[in-house]
Amino acid sequence: MEANTLTNAISLSQVRKRYGAVDAVREMTFDVRRGEIFGIVGPNGAGKTTTIEMIEGLRTPDGGRIEVLGLDATRHREALKHRYGVLLQSTSIPGRAKVGELLRLFSSFYRRTADAGQLARSLHLEDKLQSSYKSLSGGWKQRVSLALALINDPEIVFLDEPSMGLDPNARNEMWEMILRMRGEGRTIVVTTHYMEEAQALCDRVAVIDKGALVALDTPRKLIARLGGARRIAFRNPGKVSRDRLSALPHVIQTEWGDEEIALHSDQLDLTLKYLFRMADAEDWIVSELRLGEATMNDVFSELTLQERRLAQ
Amino acid sequence: MNTFLRLAAFDFRLYLRDGLTLFWVLIYPIVMLLIFGQIFGNQPGVIEGTRYIDSYVPALCVMSVLSVSVFTLQINMVTYRESGILRRFRVTPVKRWNVLASHALQGLCLVLAGAAEILIVAKLVWNLDMSAAGILQLLVAMVFGCIGFFGLGFALSGLSASPGAASGLAMIFFFPMLFLSGIAMPLDIFPTFLQHIAQWIPMTHFVALAQGVWHGESLLHFGLEWSVLAGFAVLGLALAFWLFRWESRS
């Protein structure tokens with residue numbers, strides 16, 4: 001147990017939560033290690049929010065046990081609030097508040113605080129302190145939210161959809177800041193809809209569906225589980241039937257565009273063989289062929305679809 | 001304590017930045033004062049040797065407690081919650097009493113500013129009779145009455161789903177209390193059954209207390225009124241805490 005709390009920042013063991021007749025979370029067991037970026041992904045209504053809120057102590061599990069920094073999440077809720085920081089989606093801050101006021105207000109909540117000036121500098125907010133929150137662009141708003149999440153120099157940071165609605169530049173900056181937080185030794189728990197984000201950012205990812213943990217591993221291993229390269233993209237030759245392509249051996253999904261067609265296959269070699277045979281027979285050519293690595297997107301649809309099939 | 005004071009200062013600054021909301025606090029009571037004062041102000045009052053205006057001023061002061069409670073505090077709290085900031089506070093060490101107390105302090109400042117404004121205008125326009133003892137006693141009564149009425153405002157905020165619904169609910173409580181408590185016109189012109197109903201409204205006793213102590217009667221003379229306000233304070237506080245919500249229901 002002692003070693004456990006040294007290596008794990010958060011530990012869930014057989015956690016359950018019901019709302020009426022619905023099992024929001026079923027027998028959830030996993031550990032978040034100290035100093036890692038831990039992703040939680042899953043469709044809407046999968047139980048991500050309930051899980052996070054139980055870890056934050058806002059909701060009490062109906063069964064099982066949650067330890068955060070070695071303390072019971074419910075019983076030591078108030079003490080733990082001093083030790084974690086939270087980034088919620090940007091709508092939760094009054095628009096008329098000024099950035100400097102927000103930093104001063106939030107630092108008054110905590111026993112231990114980061115140096116607000118230094119924090120503002122490190123997020124490049126020092127010129128925005130007199131700006132009202134609503135006057136800022138999406139990327140700057142997220143920086144302010146991040147500053148508020150870090151104002152108590154937290155050991156754990158919870159990030160809820162940190163790059164939702166950000167343009168690609170702002171998103172990359174956000175990712176850099178999150179990686180820097182890990183460099184400072186913090187544990188980061190991030191929920192996201194963007195599989196690209198989970199893949200680029202997270203050390204390990206938990207895939208949750210229908211209140212249950214369906215997979216937990218590094219993004220690389222999750223992807224490897226699907227069997228490596230498996231997306232076959234080529235120029236749309238214009239005179240080919242979608243149904244016939246979809247019916248090729250081992251094709252599990254097709255993406256259809258006027259410019260490009262992509263087939264997803266669980267047996268790349270065989271699908272390619274029959275694709276070329278079909279092109280030959282129908283007298284067209286497979287051109288601009290590209291074979292793609294599977295991504296977290298594939299992992300996600302594969303795992304959550306699998307669950308659906310099992311449930312039926 | 002630092003959290004509470006910072007929060008109060010923050011709430012107040014946000015409130016003042018939205019100028020329109022000051023209407024109910026600073027304009028409405030003065031409009032009432034000028035209209036009814038102009039019509040009845042110099043007529044003889046209920047008590048021998050006083051004018052209508054002498055009873056109307058303390059009544060208006062307690063009316064501002066009511067309007068700040070059900071309009072300002074209630075709508076502010078709903079707006080606050082629906083904007084999501086309370087949800088954000090919930091994952092910090094901020095407690096629910098911090099939030100309620102900071103809004104209550106803001107309400108108290110507004111009530112006192114409103115009362116000062118009423119007294120000054122009444123002095124200038126009608127050369128109102130006032131004594132230091134009367135003012136002090138009125139303040140004591142007002143501050144005590146704030147507990148229950150602010151509690152009512154906060155409790156209503158827990159029931160309203162949107163700022164629009166909050167104003168609707170505020171009207172439902174405000175106007176009956178205004179007319180049945182003897183603020184706008186003396187109770188004895190109402191039919192008997194309405195006078196009976198009026199006795200069950202805490203506002204009626206609040207007005208009676210305010211008018212009595214303003215005219216120099218001892219604070220100790222109002223056992224019934226103090227009891228009603230004390231009971232209302234306990235109820236209001238309990239409901240305020242019980243119905244408090246950090247998040248919108250949707």
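Let me begin with a convention on angles between helix axes: those under 35 degrees count as roughly parallel, those over 145 as roughly antiparallel, those from 65 to 115 as roughly perpendicular, and the rest as oblique. Please keep in mind throughout that what we are looking at is a predicted model.

With that convention, consider chain B, where helix 1 and helix 5, the latter covering residues 96-126, pack at an angle of about 50° with their axes 8 Å apart. The two helices, helix 1 of chain B and helix 5 of chain B, are therefore oblique to each other, and their crossing is right-handed. On the helix 1 side, the contact is made by B:Thr3, B:Phe4, B:Leu7, B:Ala8, B:Asp11, B:Phe12 and B:Tyr15, while on the helix 5 side the residues include B:Val99, B:Ser102 and B:Leu105. Spacings of this kind recall that an α-helix has 3.6 residues a turn, so residues three or four places apart point the same way. Sorted by class, the residues of this contact between helix 1 of chain B and helix 5 of chain B divide into eight nonpolar, five polar and one charged.

The second pair in chain B is helix 3, residues 52-83, with helix 7, residues 163-180, and here the packing angle is about 170° and the axes are 9 Å apart. By the convention I opened with, helix 3 of chain B and helix 7 of chain B are therefore roughly antiparallel to each other, and this crossing, too, is right-handed. Among the residues that make the contact are B:Met63, B:Leu66, B:Val70 and B:Phe71 from helix 3 of chain B, together with B:Ala166, B:Ala170, B:Phe173 and B:Phe174 from helix 7 of chain B. The residues of this contact divide into 13 nonpolar, four polar and one charged.

Let me turn to the contact between the chains, which takes 19 residues from chain B and 20 residues from chain A. Which elements of chain B give two or more residues to the side that touches chain A? They are helix 1, residues 2-17, and helix 4, residues 85-90, and of the elements on that side helix 1 of chain B gives the most, with eight residues. The side of chain B that touches chain A has seven nonpolar, five polar and seven charged residues.

Now to chain A and its sheets. One is an open sheet of four strands in the order 2-1-4-5, with antiparallel pairing. Strand 2, residues 22-33, and strand 5, residues 71-72, each have a single partner strand, so one side of each is left without a neighbour in the sheet. Within this sheet, strand 1 of chain A, residues 8-19, and strand 4 of chain A, residues 63-68, pair over five bridges, and A:Leu12 has A:Ile66 as its bridge partner in strand 4.

A further open sheet in chain A has six strands in the order 6-7-8-3-9-10, and its pairing is mixed. Strand 6, residues 84-87, and strand 10, residues 212-217, are its edge strands, and neighbouring strands are turned by 15° against each other on average, direction ignored. Strand 6 of chain A runs parallel to strand 7 of chain A, residues 156-160, and four bridges join them, with A:Leu87 standing opposite A:Leu159. Helix 6 of chain A, residues 138-150, packs on the sheet and touches both of these strands, its direction making about 165° with that of strand 6 of chain A.

Finally, helix 11 of chain A, residues 268-282, should span 21 Å at 1.5 Å a residue, and its end C-alpha atoms are 21 Å apart, which agrees. The helix is followed by A:Asp283, whose phi is positive, near 65°.

How values were computed
Residues are numbered from 1 along each chain as its sequence is written. Chains are lettered from A and ligands numbered from 1 in the order in which they are written. This is a predicted model: local features need pLDDT of at least 70, side-chain atom pairs count only at pLDDT 80 or more; totals for chains, interfaces and linings use all residues. Two strands pair if DSSP finds at least two bridges between them. Two residues are in contact if their C-beta atoms, placed from the backbone, lie within 7 Å. Ala, Val, Leu, Ile, Met, Phe, Trp, Tyr, Cys and Pro count as nonpolar, Asp, Glu, Lys and Arg as charged, and the others, Gly among them, as polar. The expected span of a helix is 1.5 Å times one less than its number of residues. Axes are lines fitted to C-alpha atoms, for helices over the stretch in contact, and angles run from 0 to 180 degrees between N-to-C directions. A crossing is left-handed if the near helix is turned anticlockwise from the far one by less than a right angle, and right-handed if clockwise.
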